[in-house]
Amino acid sequence: MNLIRRARARAADDSGISITELLVTIMISTIVLAAVGTMFINIGLVTSNANRTIERNGIATNIMDDITNVIRTAANNPISTSIDPDPALIAATTSSLTVYSFVNTNPTQPAPTKVRFTFDASGNLVEERWTATKSGSYWVFTGTAVTRTVGGPVQNVTGTPAFFTYFDSSGALVTPGSGGLTLSQRKAISSITVTVQIANQPTTGTAPIELINTIGMPNLRLGSDG
């Protein structure tokens, strides 16, 4: 009988965990795994959103740098048909701009470039550049434009705030009409404020990337009495 009792005792000791204990273990493991999984998902989302923000900041910066370089080196262009030069601003609206500029010119043989900024249907900024050629003592722009997409899509192509805002030498706002700035208005412009907004999607609840820069045109004062 003692042998039988010891055998039964050993059998009871080797029986393992019960079904209840197994279910409790599975439930605890599931909760832990779910918490860990959620943590990794959240970390992935935060990292992805941060990368998107950095990318969009880079796009906005590239757009602003390109426009700033062109506007800051804008200059009037003498023409053969008038004693008055063409103003640096050839055409100007709240969402497009065409200028004469000495951007990236050769310092030993400076020549202007005709540059136009517009937006395509998707809101991407498009830049066109015409190289100047000599016609007597004057520069003309008769060749084919070199076109490139600078970046985007830009959120404020239309509406408020305007992408391009214009000011005269006194700092007064000059508002383009439906056809853009008039000739007299273009002659009066001394600085341009550029506002670049890029939606920071698909990051939910995040404000758009926004860069604002007021750009003077010091070349317009060259040779003036002021």
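In what order do the five strands of the open sheet with antiparallel pairing stand? Reading across that sheet, you meet S1, then S2, S3, S4 and finally S7. Before we walk further, please keep in mind that this is a predicted model.

Let's begin at the borders of this five-stranded sheet. Strand S1, covering 89–92, and strand S7, covering 146–151, each have a single partner strand, so one side of each is left without a neighbour in the sheet. As you step from one strand to the next, the twist averages 20 degrees.

Now follow S1 inward to its partner. Strand S2 spans residues 97–101 and runs antiparallel to S1, with three bridges joining the two. If you would like a residue pair to look at here, pick Ala 92, which stands opposite Leu 97 in S2.

Next comes strand S3, made of residues 113–119, and Thr 113 belongs to this strand. Is Thr 113 buried or exposed? Its relative accessibility is 15%, and because buried means under 20%, Thr 113 counts as buried. Its surroundings are easy to list once you set aside residues up to four places away in sequence: Thr 113 touches Val 99, Tyr 100, Ser 101, Val 103, Arg 129, Trp 130 and Phe 141. Of these contacts, Val 99, Tyr 100 and Ser 101 bring us back to strand S2, which holds residues 97–101.

A second sheet is waiting further along the chain. Here four strands form an open sheet with antiparallel pairing, in the order S9-S8-S10-S11. At its edges stand strand S9 (173–174) and strand S11 (209–216); each has a single partner strand, so one side of each is left without a neighbour in the sheet. Inside this sheet, strand S8 (residues 164–168) pairs with S10 in the antiparallel sense, over five bridges. Within that pairing, Phe 167 stands opposite Ser 191 in S10.

Strand S10 also leads us to our last stop, the largest pocket. Its volume is about 220 Å³. Which residues that line this pocket are the closest to its centre? They are Asn 76, Arg 186, Lys 187, Ile 189 and Leu 220, out of the 14 that form the lining. Two elements give two or more residues to this lining, namely helix H3 (183–188) and strand S10 (189–198). In chemical terms, the lining of the largest pocket divides into seven nonpolar, two polar and five charged residues. Strand S10 therefore takes part both in the lining of the pocket and in the four-stranded sheet, where its place is between S8 and S11.

How values were computed: Residues are numbered from 1 along each chain as its sequence is written. This is a predicted model: local features need pLDDT of at least 70, side-chain atom pairs count only at pLDDT 80 or more; totals for chains, interfaces and linings use all residues. Side-chain values use heavy atoms; hydrogens and water are left out. Two strands pair if DSSP finds at least two bridges between them. Axes are lines fitted to C-alpha atoms, for helices over the stretch in contact, and angles run from 0 to 180 degrees between N-to-C directions. Buried means under 20% relative accessible area, exposed over 50%, partly exposed in between (1.4 Å probe, protein chains only). Contact means heavy atoms within 4.5 Å. On a 1 Å grid over the protein atoms alone, a cavity is a set of points where a 1.4 Å probe fits but cannot get out, and a pocket is an open set with protein on both sides within 12 Å along at least five of seven lines; lining residues have an atom within 4 Å of a point. Grid points are joined across faces, edges and corners, and a volume is the space filled by probe spheres set on the points. Ala, Val, Leu, Ile, Met, Phe, Trp, Tyr, Cys and Pro count as nonpolar, Asp, Glu, Lys and Arg as charged, and the others, Gly among them, as polar.
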